[in-house]
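Let's take a walk through a protein model together. Have a look at the sequence and the 3D view first, then read on.

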Amino acid sequence: MASLIATQLELLRRAQRKEPSVVRPVGRETLRNRALLDHAPVPLLFQQTDGTLHAANRAARRLFETEGRLIAPPPALLAVIEPDKSASEHAVIRLPSSGGSSRVYAVSVGQGGGAGGIVAYLALMDVEASINAAEAQALRELLQILSHEIMNSLTPIVSLSATAAELFSEVPTRETGLMIGEALATIRRRADGLDRFVRGYRDLARLPAPDLQPVDLGELLRETARLFDARWAGRVALELALPPKRIMVRLDRGQMEQALLNLLNNGAEAALEHPAPRIQLAGAWIDGAIQITVHDNGSGIDAAQRKRIFEPFVSFKANGNGIGLSLARQIVRGHGGALILEDEMALGPWTTGLCIRL
């Protein structure tokens, strides 16, 4: 019995004995690092001092169909790691993929410093899906801009057309003839401006450069007020404050009318929250610059929102699309001016004020 127990104890001791590893610590670290690299989904490459490129992980070997060195690296990839490129260089390139297609990759390059014979590291991230999604979103945003601007111009055109049709049905008089002529002239001008605007946005949704011509500031404000009244008359009262003297300014009349209408429509929508909605359009020469202001008596702008009101596609209204103010600012900047939100303390009876300085 004693002999049996001794035998069992010896077998148990042998089972618990630790066998020394045949892999040295440095080798174990290399194996661990290689396993980590192979599990990384991003293709990783490195460039040696002789200029050759090598796949560093499984994703890179699969992408370039190699077990190590890239025999014929794509020229687009080599261009990213030219000697004159700086460390941490970023680029977007298109590389061929299986099946004869290609995909877009964002390439990040880090300098190796020659340690271990490596002069550069490259990481390639597949951004094809992200670019496609961004293009689709840009198209949606462009269509939003176009529909917004088209509706802003079509509304007064439709209203003035209806007015002209009613006047034509009456017994013609000198007064009605003048009114019809004025309505038709405005319709023609807004239609021409809308046509130019849409044609300009056709080129990568970029606002065309302004066609600067001498314009009478007072006449510009009066015409804009007429367009505003065609949409808002009877709902929002407009106060027009013209400069006391004639002021000529070089600008693109169609674009500036569009910017002012955007500001006025935005202010009118805010003023509707007031029992007696009012809005003011004023122009003057102040401190050596043209100033055009739009004021309303709406509920004002929350302090947390003031910094974001000009951001494109950011709106704090229930049915807003965040286009009007950002586009107005883009137009003003195209004229070398600035569109700013006025300080609440300087508004007097008004709650919100936007100022164009040219």
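In which sense do strand 11 and strand 12 pair, and over how many bridges? They pair in the antiparallel sense, over 4 bridges. Keep in mind as you look around that this is a predicted model.

## Strand 11 and its partner

Strand 11 covers residues 338–341, and strand 12 covers residues 352–357. If you want one spot to zoom in on, try leucine 341: its bridge partner in strand 12 is leucine 354.

Now follow the side chains along strand 11, and you'll see them alternate. Leu339 and Leu341 point to one face and are buried. Ala338 and Ile340 point to the other face and are not buried.

## Strand 9 and its two neighbours

Next up is strand 9, residues 278–286, which runs parallel to strand 7, residues 237–241. These two strands are joined by 5 bridges. Here you can find leucine 240 standing opposite leucine 281 of strand 9.

Strand 9 also pairs with strand 10 (residues 289–296), this time in the antiparallel sense and over 8 bridges. One pair to look for is glutamine 280 with its bridge partner in strand 10, histidine 295. Strand 9 and strand 10 form a hairpin with 2 residues between the strands, and in that hairpin aspartate 287 takes a positive phi near 50°.

## A closer look at aspartate 296

Stay with strand 10 for a moment, since aspartate 296 lies in it. Is aspartate 296 buried or exposed? Its relative accessible area is 5%, and anything under 20% counts as buried, so aspartate 296 is buried.

What does aspartate 296 touch, leaving out residues up to four places away in sequence? The list is Gly267, Ala270, Ala271, Arg278, Ile279, Trp350, Thr351 and Thr352. Among them, Arg278 and Ile279 fall within the residue range of strand 9.

## A space inside

The structure also holds 2 cavities of 30 Å³ or more. Let's visit the second largest cavity, which has about 30 Å³ of space. Its lining is made up of Asn152, Pro156, Leu227, Phe228, Arg231, Trp232, Leu261 and Asn265. By type, that lining divides into 5 nonpolar, 2 polar and 1 charged residue.

Which helices each supply at least two residues of this lining? They are helix 5 (128–169), helix 7 (217–232) and helix 8 (253–271). Helix 7 gives the most, with 4 residues.

Methods. Residues are numbered from 1 along each chain as its sequence is written. This is a predicted model: local features need pLDDT of at least 70, side-chain atom pairs count only at pLDDT 80 or more; totals for chains, interfaces and linings use all residues. Side-chain values use heavy atoms; hydrogens and water are left out. Buried means under 20% relative accessible area, exposed over 50%, partly exposed in between (1.4 Å probe, protein chains only). Two strands pair if DSSP finds at least two bridges between them. On a 1 Å grid over the protein atoms alone, a cavity is a set of points where a 1.4 Å probe fits but cannot get out, and a pocket is an open set with protein on both sides within 12 Å along at least five of seven lines; lining residues have an atom within 4 Å of a point. Grid points are joined across faces, edges and corners, and a volume is the space filled by probe spheres set on the points. Ala, Val, Leu, Ile, Met, Phe, Trp, Tyr, Cys and Pro count as nonpolar, Asp, Glu, Lys and Arg as charged, and the others, Gly among them, as polar. Contact means heavy atoms within 4.5 Å.
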